[in-house]
Amino acid sequence: VVFEAWQEALERTVAIKILKKKPTNDEALPAFKAEAQILAQLSHPNIAQVFGKDCTEQGQEYLAMEWIEGPTVTEYCNSERFSIEDRLKIFITVCRAVEHAHQVGVLHRDIKPSNILVAIVDGQAQPKVIDFGIAVMMALVDQGANSHLSSAGTREYMSPERITLGHRAPADVRSDIYSLGALLFEILTDLPPHPSESLRNSSYEEVGRFLAEAPVPKLCRRLRDHDPAKLLATCQQRQLSSKKLSKVLGGDLQVIIAKALAKAPEDRYASATSLIQDVERFLTLRPVTARAPSVTYRLTRAVVAANPRATRGELLTLREVVDAISGDRVWDELRNTPTEERSLRLTIGNTYVSLGDFEQADRHLRRAHELSRSSNEDTTKAALGWLDFRQGDYEGAEDWLSQANLSDPLIMGRLAAVYAA
């Protein structure tokens, strides 16, 4: 039971968490002591602080904790009409708190909207992770320290392995990653990944089978489970039309969610930090690691990042697209894939030649040539020959083409005509 109390010595409101006089089962006291031990390990501005542990005159143990007065994270985001970007930023803050717990060896095991409250501190929204009542110290799990918590948790946010294995589930941070994915799902859509009624009204065995067989839910598809009035409210609270919200949720955010909610722990993000980094990549319009890498995907993200008009679905000129693709961000992404970089440099260089920007063309084609020297690739030599030809450097063009095993008949014909004159 939790009470609000006033601490006179420090003139502050505190939360007093106290056991009932007669616990209804043998699990309550060990869990209470374990929570006190766990909270003592944590020190983070986004985790509810514990001030101390003591006993009443009647011998009842209690915890004095930080009093958090505020709505749940989902309620707060909706009441403030947070955009998708703002929702992701507050989610990142929650992830950092969970990562802190992981770093000191603590698994929360009950991450859900009602355990993330938002307090206003100095005029700023401050999400606070609360209720470590079923958390465990990872180092103690192998000693059976969590055997009394086999069925504890909230099914909508529990990982499949915790549903099926109970207290035999390994002490793995990726179980909390699944819960963070479920939390993000609800922050974005106002719904948990799977319908509550399909989980709460079934046995653990049935839920385990359901999670094993059901595909990772789609954000856009779950949106359709709202009745029309609720769907309208959900869109308005995100300041987007239904069409635009579906478009945002159907891209890289779905890929991030799918990785966080993967059925097998090894397919999820390895840490909260990895999840944070991908969300930040999404926010800065960079390629996310959850998506299979491809040149097309990287270029698309580069174009969108470089030109805000692309995010609004407007058509861009060829010059605008090529300028966006040839920015430093793309080359940073391709620095460890020289074959892909050479191919892209060659394409961009030839495009600049056709646009008449010979300076940019020369920069990219020469870099492509540097990357292809070890393979003795001739296409870049031919491209450099065509560049020199377009600039009127016929001797340079002939030199490049003579180095290549292939010759461009069109260029060679024009060269012959030039020399004949």
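Colleague: Helices (H or I, at least four residues) and strands (E, at least two) are taken here as DSSP runs, numbered from the N terminus. With that settled, where does Arg 268 lie?

Modeller: Arg 268 is in the loop between α12 and α13. Before going further, please note that this is a predicted model, in which local features need pLDDT of at least 70 and side-chain atom pairs count only at pLDDT 80 or more, while totals for chains, interfaces and linings use all residues. Residues are numbered from 1 along each chain as its sequence is written, and side-chain values use heavy atoms, with hydrogens and water left out.

Colleague: Is Arg 268 buried or exposed?

Modeller: Arg 268 is buried, at 3% relative accessibility. Buried stands for under 20% relative accessible area, exposed for over 50%, and partly exposed for what falls in between (1.4 Å probe, protein chains only).

Colleague: Which backbone oxygen does the side chain of Arg 268 reach at 2.9 Å?

Modeller: That of Arg 174. A polar atom of the Arg 268 side chain also lies 3.1 Å from the backbone oxygen of Lys 263. Both are polar contacts, that is, pairs of N or O atoms within 3.5 Å; within protein, one atom must be able to donate a hydrogen and the other to accept it, and residues adjacent in sequence count only if both atoms are side-chain atoms.

Colleague: And which residues does Arg 268 touch, leaving aside those up to four places away in sequence?

Modeller: Among them are Ser 159, Pro 160, Glu 161, Arg 174, Ser 175, Ile 177 and Tyr 178. Contact here means heavy atoms within 4.5 Å.

Colleague: Arg 174 falls within α6 (residues 173-189). How many residues does that helix have, and how far does it reach?

Modeller: Helix α6 has 17 residues and spans 25 Å from its first C-alpha to its last, close to the expected 24 Å. The expected span is 1.5 Å times one less than the number of residues.

Colleague: How many of the residues of α6 are buried?

Modeller: In α6, 16 of the 17 residues are buried, so the helix is largely enclosed by the rest of the structure.

Colleague: What happens just after α6?

Modeller: Asp 190 takes a positive phi of about 70° there. Asp 190 also forms a salt bridge with Lys 230, with the closest N and O atoms 3.4 Å apart. The term requires a side-chain nitrogen of Lys or Arg within 4 Å of a carboxyl oxygen of Asp or Glu.

Colleague: Which parts does that pair tie together?

Modeller: Asp 190 lies in the loop between α6 and α7 (196-200) and Lys 230 in helix α10 (residues 228-237), so the salt bridge connects parts that are 40 residues apart in sequence. Asp 190 is buried at 14% relative accessibility, whereas Lys 230 is partly exposed at 30%.

Colleague: How many salt bridges are there by this rule?

Modeller: The count is 16. One of the others joins Arg 291 to Asp 252 at 2.8 Å, N to O. This pair links distant parts of the chain, since Arg 291 is in the loop between α13 (272-283) and α14 (295-306) and Asp 252 is in helix α12 (residues 252-260), 39 residues apart. Arg 291 is partly exposed at 28%, and Asp 252 is buried at 4%. In addition, a network of salt bridges links Glu 341, Arg 345, Arg 367 and Glu 370.

Colleague: Changing topic, what is the strand order in the open sheet?

Modeller: The 4 strands of that sheet are ordered β1-β2-β4-β3, with antiparallel pairing. Two strands pair if DSSP finds at least two bridges between them. At the edges stand β1 (2-7) and β3 (50-55), each with a single partner strand, so one side of each has no neighbour in the sheet.

Colleague: How many bridges join β2 to β4?

Modeller: Strands β2 (residues 12-18) and β4 (residues 61-66) run antiparallel and share 5 bridges. Ile 16 has Ala 64 of β4 as its bridge partner, and Lys 17 stands opposite Leu 63.

Colleague: And the other side of β4, with β3?

Modeller: β3 and β4 pair in the antiparallel sense over 5 bridges, with Val 50 opposite Met 65. Their hairpin has 5 residues between the strands, and Gly 59 there takes a positive phi near 90°. Of the 6 residues of β4, 5 are buried, so this strand is largely enclosed by the rest of the structure.
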